[in-house]
Amino acid sequence: MTLSWSRHQYVEFVFDQEVATWLRCHRHAFEYFGGVPGRMVVDNLKAAIVRVAFHDPVVQRAYRECAEHYGFLIAPCRPATPQHKGKVEQGGGHYLKRNFLAGRTLPARPAANALVLTWCRETAGQRIHDTTKERPLERFEQVERAALQPLPHARSRTTM
């Protein structure tokens with residue numbers, strides 16, 4: 001997950017794109033950021049969007065319940081419009097592959113997830129971002145963190 005304004009990232013390695021995994025990753029990302037963005041721009045994977053359409057996409061039921069619980073709007077990418085996926089696909093994913101993953105053999109998943117979160121803070125978060133010309137973690141701490149909605153007091157039953 002890449003936050004739109006700061007470009008601060010949350011990364012978690014998983015082995016599937018099941019609905020339960022998708023929801024759990026959202027919960028972990030929100031907890032990592034300490035809050036919830038008001039709007040989530042999502043690719044049209046089946047764990048989020050059941051039927052892709054320009055005007056009336058169908059959102060997966062559990063994901064819709066997750067959005068209602070956390071209070072964010074779901075903004076699916078328009079079909080066949082790859083430029084809508086920009087921040088997470090071009091910026092986050094490609095940078096992760098070229099910088100963190102390049103030539104590296106990862107340890108088991110729990111250790112790999114701990115390593116990549118350190119990388120998110122200490123490397124990705126400290127670089128001068130090509131678009132913003134600022135450090136993502138600084139932008140996040142100085143402005144964007146305060147704009148996030150607070151986490152709900154109870155966890156959603158769909159993201160347990």
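## Close-up views of a predicted model

**Figure 1. S6 and the residues it touches.** Leaving out residues up to four places away in sequence, S6 touches P136, R139, F140 and E144. Keep in mind that everything here comes from a predicted model. S6 itself sits in the segment before α1. Is S6 buried or exposed? With a relative accessibility of 0%, S6 counts as buried. Its side chain has two polar partners to look for. One is the side chain of E144, with a polar contact at 2.3 Å. The other is the backbone nitrogen of H8, which the S6 side chain reaches at 3.0 Å.

**Figure 2. The whole chain, for orientation.** Before zooming in again, here's the overall layout. The protein chain has five helices and four strands. Follow the sequence from start to end and you get the pattern α-β-β-β-α-β-α-α-α. Of the 160 residues in the chain, 40% are buried. Now take the contacts between residues at least 6 apart in sequence: 66% of those join residues at least 24 apart. As for the outside, the chain exposes about 9200 Å², and carbon and sulfur atoms supply 53% of that.

**Figure 3. Helix α2 and its buried side.** Helix α2 runs over residues 61-70, and its buried residues are A62, Y63, C66, A67 and Y70. Why do they end up on the same side of α2? They cover an arc of only 145 degrees around the axis, so they share one side of the helix. The general idea is worth remembering: an α-helix has 3.6 residues a turn, so residues three or four places apart point the same way. And what covers the buried residues of α2? The cover includes α1 (19-33), β1 (39-42), β3 (58-59) and β4 (73-76).

**Figure 4. The two ends of α2, plus a salt bridge.** Start at the N-terminal end, where Q60 acts as a cap: one of its side-chain oxygens lies 2.6 Å from the backbone nitrogen of A62. Then hop along to what follows α2, and you meet G71, whose phi is positive, near 80 degrees. Within the helix, look for the side chains of R61 and E65, which meet in a salt bridge (3.0 Å, N to O). These two residues both belong to α2 and are four residues apart, about one turn of the helix. R61 counts as partly exposed, because its relative accessibility is 49%.

**Figure 5. The largest nonpolar core, and a second one.** In general, nonpolar side chains in soluble globular proteins tend to be buried together. Here, the largest nonpolar core has 18 residues, and F33, V116 and W119 are the ones with the most contacts inside it. Four helices each supply at least two residues of this core: α1, α3 (86-101), α4 (109-124) and α5 (136-147). Which helix gives the largest share? That would be α4, with six residues. Zoom in on V116 and, leaving aside its neighbours within four places in sequence, you'll find V11, F13, L96 and F100 in contact with it. There's also a second, separate core of 17 residues, and L23, L45, A47 and F72 are among them.

**Figure 6. H129 and the salt bridge between E134 and R139.** H129 lies in the loop between α4 and α5. Its relative accessibility is 8%, so H129 counts as buried. Not counting neighbours within four places in sequence, H129 is in contact with R7, E134 and P136. Now move from H129 to E134, whose side chain meets that of R139 in a salt bridge (3.1 Å, N to O). Are the partners buried or partly exposed? E134 is partly exposed, at 36% relative accessibility, whereas R139 is buried, with a relative accessible area of 8%. You've already met R139 in the first view, as one of the residues that S6 touches.

**Figure 7. A salt bridge along helix α5.** How many salt bridges does the structure hold? There are three, and this view shows the one between the side chains of E141 and R145 (2.8 Å, N to O). Both residues lie in helix α5, four residues apart, about one turn of the helix. E141 is partly exposed, with a relative accessible area of 43%. R145 is partly exposed too, with a relative accessible area of 35%.

Technical notes:
Residues are numbered from 1 along each chain as its sequence is written. This is a predicted model: local features need pLDDT of at least 70, side-chain atom pairs count only at pLDDT 80 or more; totals for chains, interfaces and linings use all residues. Side-chain values use heavy atoms; hydrogens and water are left out. Buried means under 20% relative accessible area, exposed over 50%, partly exposed in between (1.4 Å probe, protein chains only). The arc is that of the directions from the helix axis to the C-beta atoms. Contact means heavy atoms within 4.5 Å. A polar contact is a pair of N or O atoms within 3.5 Å; within protein, one must be able to donate a hydrogen and the other to accept it, and residues adjacent in sequence count only if both atoms are side-chain atoms. A nonpolar core is a set of buried Ala, Val, Leu, Ile, Met, Phe, Trp, Tyr and Cys residues joined through side-chain atoms within 4.5 Å. A salt bridge is a side-chain nitrogen of Lys or Arg within 4 Å of a carboxyl oxygen of Asp or Glu. Accessible areas come from the Shrake-Rupley method with a 1.4 Å probe; for residues, only the protein chains shown count as cover.
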